[in-house]
Amino acid sequence: MPSTDAAPLTPLALSEDLPPATVMPIWTPEGPMALWRSVGGTLSLAADRCPHRGMRLSHGFVRGEALSCIYHGWSYDQGGRCLRIPAHPDLEPPASIRVATGSVLEAGGVIWRARADDPSLPPDFPGFVPLRSLSFAVSRDVISRTLGGESAGPGILKGTLAGSAVILLCAEQAEGTSLIHLLAPADATLDQRIAVSRAAETLRRAAETGTTEAAA
Ligand code: FES
């Protein structure tokens, strides 16, 4: 099974949204994938399709250091190899039963899609911390125009929401939609963070309806 390492660094999720022993669906340019964290805290990325009968692995569950399929319980290690087939407990699964995997990096509270052959590290955002993620039903370009901010690199926007400087990490999703990971100033008060969060929802409404509703 080939590796799915084909895309450059792309923000996938906020670290706090993926605690140990959980799995979540992730869309990447290569297609749907399952992002999961083992009980021990190791991050892994697997194609979101069980090699057995195609069930989405993001619907599965994490036990220990393995991801198990919800349908018949086949479990896979972090390298994608099948570890166990419950219907045949005495069988050692053939090495040919594998799920494709990808590389991920975690830095500053953000999980990034990485490439095994690319030593690039995720960008650093000193003075900012992750606040929340939001799905937008519009492209990154529309969000950028609506925010009126400036580009700070591929998929990275700087702007102002509710009077606070913010950074938006933008990941293109399927069918022209976007997933935004919002970073706020590390020294923002709780009230300021709430205001930024609400302004981000206003930004989303404005971007999706094509209005110029003020968010800054
Ligand atoms: S479809 Fe995954 S174990 Fe059967």
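Between which two domains does the largest pocket lie? Domain 1 (10-114) and domain 2 (128-209) both contribute residues to the lining of the largest pocket, so the pocket lies between them; the domain bounds come from an automatic or database domain assignment.

The model is predicted, so local features need pLDDT of at least 70 and side-chain atom pairs count only at pLDDT 80 or more, while totals for chains, interfaces and linings use all residues. Residues are numbered from 1 along each chain as its sequence is written, and side-chain values use heavy atoms, with hydrogens and water left out.

**The largest pocket**

On a 1 Å grid over the protein atoms alone, a pocket is an open set of points where a 1.4 Å probe fits, with protein on both sides within 12 Å along at least five of seven lines, and lining residues have an atom within 4 Å of a point. The largest pocket has a volume of about 230 Å³, a volume being the space filled by probe spheres set on the points, which are joined across faces, edges and corners. Its lining consists of 15 residues, of which Leu9, Thr10, Pro11, Arg140 and Pro154 lie nearest the centre. Strand S1 (10-14) and strand S14 (164-172) are the elements that give two or more residues to this lining, and S14 gives the most, with three residues; helices (H or I, at least four residues) and strands (E, at least two) are DSSP runs numbered from the N terminus. By residue type, the lining divides into eleven nonpolar, two polar and two charged residues, where Ala, Val, Leu, Ile, Met, Phe, Trp, Tyr, Cys and Pro count as nonpolar, Asp, Glu, Lys and Arg as charged, and the others, Gly among them, as polar.

**Salt bridges**

With a salt bridge taken as a side-chain nitrogen of Lys or Arg within 4 Å of a carboxyl oxygen of Asp or Glu, the count comes to seven. The table includes three of these pairs.

| Pair | Closest N to O |
|---|---|
| Glu106 and Arg37 | 2.8 Å |
| Arg81 and Glu92 | 3.7 Å |
| Asp117 and Arg115 | 3.0 Å |

Glu106 lies in strand S9 (residues 101-107) and Arg37 in strand S3 (residues 31-37), so their salt bridge ties together parts that are 69 residues apart in sequence. Relative accessible area under 20% means buried, over 50% exposed, and in between partly exposed (1.4 Å probe, protein chains only); accordingly, Arg37 counts as buried at 8%, whereas Glu106 is partly exposed at 37%. Arg81 lies in the loop between strand S7 (75-76) and strand S8 (82-84), and Glu92 in the loop between S8 and S9, so that pair ties together parts eleven residues apart in sequence. Arg81 is partly exposed, at 28%, and Glu92 is exposed, at 63%. In the remaining tabulated pair, Asp117 counts as exposed at 57% and Arg115 as partly exposed at 29%.

**The largest nonpolar core**

A nonpolar core is a set of buried Ala, Val, Leu, Ile, Met, Phe, Trp, Tyr and Cys residues joined through side-chain atoms within 4.5 Å. The largest such core has 19 residues, and those with the most contacts inside it are Phe136, Ile143, Leu161, Leu168, Leu182 and Leu203. Strand S11 (128-136), helix H1 (140-147), strand S13 (156-161), S14, strand S15 (178-185) and helix H2 (190-209) each supply at least two residues of this core, to which H2 gives the most, with five residues.
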